[in-house]
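I set out to record two matters in these entries: backbone torsions that stand out, and the packing of helix pairs. The structure is placed below for reference.

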Amino acid sequence: MRTRRGVCYPDVDDCRQMMKTVFIRKRRCDSRDEIDFTGHKRRRTGSDKCFRTDYFDSLPDDLVISVLCKLSSSAERPADILNVLSTCKRLNELGLNLLVLSKASPKAFEVRASNWSDSAHRFLKNCAESGNIAASYTLGMIRFYCLQNRGGGASLMAKAAIRSYAPALYSLAVIQFNGSGGSKSDKDLRAGVALCGRAAFLGHVDALREFGHCLQDGYGVRQNIAEGRRFLIQANARELFGAVSAPPSPAPGSLVSWNPPEPHPANRFLSEWFGERGGCPGEGLRMCSNEGCGRPETRKHEFRRCSVCGVVNYCSRACQALDWKLRHRVECVPVDRWIEEEGDGDVADGVNDAMDES
Ligand SMILES: [Zn+2]
Ligand SMILES: [Zn+2]
């Protein structure tokens, strides 16, 4: 069979021979050494004349790129890609092909905060520039919250949001609701509701919950309690479906017998990044109390606090609702002065009314 370039693909026997011999190669190897398919290094001998033909080099680029696309889209960890890139110069060049990077799964660039480096940043940037929307969103979150490049981060998130990436739409909604990266007057509730509604219609659970509360409370949108309840029920149904689909192994100390939804890799990075810095994003700034969120305040008193205890604070109602179910409902103790001022009613109101602007 011929490629578009007119190059013949090797026949099946040649491919088998190739797989057994020279596909795995290390740059630091002596040119006279060979690594067989078991990974063992051995010295070439005079009888190994057939090894001088590198069958891998005779494979056309488009075929190798096609294989690498499959690999990057199914990668379970960054090492799955990086090990291939470090194999030889050709795989390094083809592995960084735009088509390969655009297909990379979110787990392929799920870099740990402790391993963050210029090269990790460059790799994520290349993935984002190749049109990979998950990479664009992840780098956007890292730049906005961790590297404090607000404009660059929001722009990358917007690129992913334009292509209907629900986590990006929801994160931009949180930024609009809180006026993150600006002052209190930069809050734009209507824009937040529009973005959140779009993410909710795409089935994003946090967005469904946030949008439901907005409708119930008339927050940035005309109040519609029945419609808000419908969205909250939908959020619970999706959450329940995710919980029963996952194996039952709740985290230690959790109040529920199901696994909480797995955080997006971008949120996990944020949690690790600020966790390494003692959970303090800056002087007088606090983290969202929902452990899986990882969003920090970008100015003092940005997040709303629990109006019952005043101890915890959340970036959004969605985070508060989830943390209430997982942890906070047994920890939330009314502060004495608030009991005197407001009576006991607020405690029974539970999660829906327990948010207060700081
Ligand atoms: Zn949060
Ligand atoms: Zn509380």
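The entries that follow take the torsions and then the helix pairs.

**Entry 1: the model.** I note at the outset that this is a predicted model.

**Entry 2: Ser164.** I looked up phi of Ser164 and found a value near 60°, which is positive in a residue other than glycine. I then located Ser164 in the chain: the residue sits in the loop that joins α9 (150–162) to α10 (166–178). Is Ser164 buried or exposed? I counted 13 other C-beta atoms within 10 Å, so Ser164 is partly exposed. The reasoning rests on the cut-offs, since 12 or fewer would count as exposed and 20 or more as buried.

**Entry 3: His301.** I recorded a positive phi of about 60° for His301, which is not a glycine either. Where does His301 lie? I placed His301 in the loop between α14 (265–275) and β3 (304–306). With 14 other C-beta atoms within 10 Å, His301 is partly exposed.

**Entry 4: α11 and α12.** I turned next to helix packing. Two packed helices are described by the angle between their axes and the distance between the axes. For α11 (residues 189–201) and α12 (residues 205–217), I noted an angle of about 130° and axes 8 Å apart. The pair is therefore oblique, and I entered the crossing as left-handed. Which residues of α11 and α12 meet? On the α11 side I listed Val193, Cys196, Gly197, Ala199 and Ala200. Their counterparts in α12 are Ala207, Leu208, Glu210, Phe211 and Cys214. By class, I recorded eight nonpolar residues, one polar and one charged in the contact of α11 with α12.

**Entry 5: α8 and α14.** I then examined helix α8 (residues 133–146) against α14, whose axes come within 9 Å and cross at roughly 30°. Angles under 35 degrees count as roughly parallel, so I entered α8 as roughly parallel to α14. The crossing of α8 with α14 is right-handed. From α8, I listed Tyr137, Thr138, Met141, Ile142, Tyr145 and Cys146 as making the contact. From α14, the contributors are Pro265, Ala266, Phe269, Leu270 and Trp273. How many residues of each class does the contact of α8 with α14 have? I recorded 10 nonpolar residues, one polar and no charged ones.

**Entry 6: handedness.** I closed by setting the two crossings side by side: that of α11 and α12 is left-handed, whereas α8 passes α14 in a right-handed one.

Technical notes: Residues numbered from 1 in each chain as written. Chains lettered and ligands numbered in written order. Predicted model: local features only at pLDDT ≥ 70, side-chain atom pairs only at ≥ 80, totals over all residues. Helix = DSSP H or I, 4+ residues; strand = E, 2+ residues; numbered from the N terminus. Axes fitted to C-alpha atoms, helices over the stretch in contact; angles between N-to-C directions. Parallel < 35°, antiparallel > 145°, perpendicular 65-115°, else oblique. Left-handed = near helix turned anticlockwise from the far one by under 90°. Contact = placed C-beta atoms within 7 Å. Nonpolar A, V, L, I, M, F, W, Y, C, P; charged D, E, K, R; others polar.
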